[in-house]
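Q: I am new to reading structures and would like to learn how one reads the surroundings of a ligand. Could you take me through it step by step?

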Amino acid sequence: MYKNLKKMPTHIAFILDGNGRWAKERGLPRSMGHKAGLDNLKKILKECFYKCDIPYVSIYAFSTENWNRPQKEIDFITGLAKNFFVDRFLKNFPGVRLNIMGDYTKFPSNVVKMAEDTINATKKNTKYVLNLGVNYSGQDEIVHAINGIIADGIQSVDRDTVEKYLYTAGQPPVDLLVRSSGEQRLSNFMLWQLAYAEFYFSNVMWPAYDKKEFLKSLIDYQNRDRRFGGIKEQ
Ligand code: IPE
Ligand code: IPE
Ligand code: MG
């Protein structure tokens, strides 16, 4: 399926959007959209790592702004997170290191414990990294980095210094950002790491963003001319 692709992103990021609308279109409660969205996430992550051999995948799963949703919906999403962690993460994603972006300690203590157990159990994995954005905000990440720099008594910084204090320290920047559901905005996701990323906006709601849609995103990426400010002919 992917064999004709010449250019694979090294780092791909997804803003999972449209779970609620997907459910509404089917006369289902929003929670069913989140459940279908999680099932789909597992499928697409497996494609990224094991079929496409993409080493870095970043996911926007819950933003700092998502606390503004009804408590019932937040509780349901938290419950799904438990299902994602437990030992199923290890079974589903061998070789993947889990890296959480955002202050996940704001979630209930049993979820925090599961997240930490999974981080510890996977920390020796070097082949693939999953950056999971939960209670995440790109602006907060930069503020968090600045506070870390201040705490370490560093007086003068350059880009490399800032990068070392981001949640993605040591990783390459994002090459391709995909957002589902037709919205064309960043909603505060990975502002620093997306500085030179290619953007792909899919009109499909996240639970329906299947392997074919994923392939379409990758095909579109093949034809992007990434100049990074330079010119081709001299
Ligand atoms: C994305 O789907 C999942 C989260 C933000 C947690 P939404 O829940 O935003 O779905 P829509 O955008 O309302 O359809
Ligand atoms: C962005 O989706 C956040 C996540 C996917 C976790 P939202 O649905 O929360 O974003 P807006 O409200 O459309 O900007
Ligand atoms: Mg949304």
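Q: Where does ligand 2 sit?
A: In this model, which is predicted, ligand 2 sits in the largest pocket.

Q: Which residues surround ligand 2?
A: One begins by listing the neighbours of the ligand. Around ligand 2 these are Ile15, Leu16, Asp17, Tyr60, Ala61, Phe62, Ser63, Asn66, Arg69, Arg179, Arg185 and Ser187.

Q: How do the residues of the shell around ligand 2 divide into nonpolar, polar and charged, and which element gives the largest share of that shell?
A: One sorts the neighbours by the character of their side chains, and then asks which part of the chain they come from. The shell around ligand 2 holds five nonpolar, three polar and four charged residues. Strand E2 (56-63) contributes the largest share of the shell around ligand 2, namely four residues.

Q: Which oxygen contacts of ligand 2 involve the side chains of Asp17, Arg69 and Ser187?
A: Here one looks at pairs of polar atoms and reads the distance between them. The side chain of Ser187 has a polar atom 2.7 Å from an oxygen atom of ligand 2. For Asp17, an N or O atom of the side chain is 3.1 Å from an oxygen atom of ligand 2, and for Arg69 a polar side-chain atom lies 3.3 Å from an oxygen atom of this ligand. The protein buries 78% of the 390 Å² that ligand 2 exposes when taken alone.

Q: Where does ligand 1 sit, and which residues are around ligand 1?
A: The reading follows the steps already used. Ligand 1 sits in the largest pocket, which is also what was said of ligand 2. Around ligand 1 one finds Leu16, Asp17, Gly18, Asn19, Gly20, Arg21, Arg30, His34, Ala61, Asn66, Arg69 and Ile77. Asp17, Asn66 and Arg69 are among the residues listed for ligand 1, and they are listed for ligand 2 as well.

Q: Which elements give two or more residues to the shell around ligand 1, and how do the residues of that shell divide?
A: Two or more residues of the shell around ligand 1 come from helix H1 (19-25) and from helix H2 (30-51). The largest share, three residues, is that of H1. By character, the shell around ligand 1 consists of three nonpolar, five polar and four charged residues.

Q: Which atoms of Asp17, Gly18 and Gly20 lie by an oxygen atom of ligand 1, side-chain or backbone?
A: It helps to note, for each contact, which part of the residue takes part. Asp17 brings a polar side-chain atom to 2.8 Å from an oxygen atom of ligand 1. With Gly20 it is a polar backbone atom, which is 2.9 Å from an oxygen atom of the ligand, and with Gly18 a polar backbone atom is 3.4 Å from an oxygen atom of ligand 1. Of the 380 Å² of accessible area that ligand 1 has on its own, the protein covers 87%.

Q: What is the sign of phi in Asp53 and in Phe228?
A: Away from the ligands, one can also read the backbone angles residue by residue. Asp53, a residue other than glycine, has a positive phi, near 60°, and it is placed in the loop between H2 and strand E2 (56-63). Phe228 is not a glycine either, and its phi is positive at about 50°; this residue is found in the segment after helix H8 (211-222).

Q: Why does Val162 count as buried, and why is Lys232 called exposed?
A: One reads the relative accessible area against two cut-offs, since buried means under 20% and exposed means over 50%. Val162, in helix H7 (residues 159-164), counts as buried because its relative accessibility is 12%. Lys232, in the segment after H8, is exposed because its relative accessible area is 61%.

Q: How far apart in sequence and in space are Val162 and Ala145, and Lys232 and Lys123?
A: One sets the separation along the chain beside the distance between C-alpha atoms. Val162 and Ala145 are 17 residues apart in sequence and 6.5 Å apart in space. For Lys232 and Lys123 the separation is 109 residues in sequence and 41 Å in space.

How values were computed: Residues are numbered from 1 along each chain as its sequence is written. Chains are lettered from A and ligands numbered from 1 in the order in which they are written. This is a predicted model: local features need pLDDT of at least 70, side-chain atom pairs count only at pLDDT 80 or more; totals for chains, interfaces and linings use all residues. Side-chain values use heavy atoms; hydrogens and water are left out. A residue is near a molecule or strand if one of its heavy atoms lies within 4 Å of it. A polar contact is a pair of N or O atoms within 3.5 Å; within protein, one must be able to donate a hydrogen and the other to accept it, and residues adjacent in sequence count only if both atoms are side-chain atoms. Accessible areas come from the Shrake-Rupley method with a 1.4 Å probe; for residues, only the protein chains shown count as cover. On a 1 Å grid over the protein atoms alone, a cavity is a set of points where a 1.4 Å probe fits but cannot get out, and a pocket is an open set with protein on both sides within 12 Å along at least five of seven lines; lining residues have an atom within 4 Å of a point. A molecule sits in a cavity or pocket if more than half of its atoms lie within 2 Å of its grid points. Ala, Val, Leu, Ile, Met, Phe, Trp, Tyr, Cys and Pro count as nonpolar, Asp, Glu, Lys and Arg as charged, and the others, Gly among them, as polar. Buried means under 20% relative accessible area, exposed over 50%, partly exposed in between (1.4 Å probe, protein chains only).
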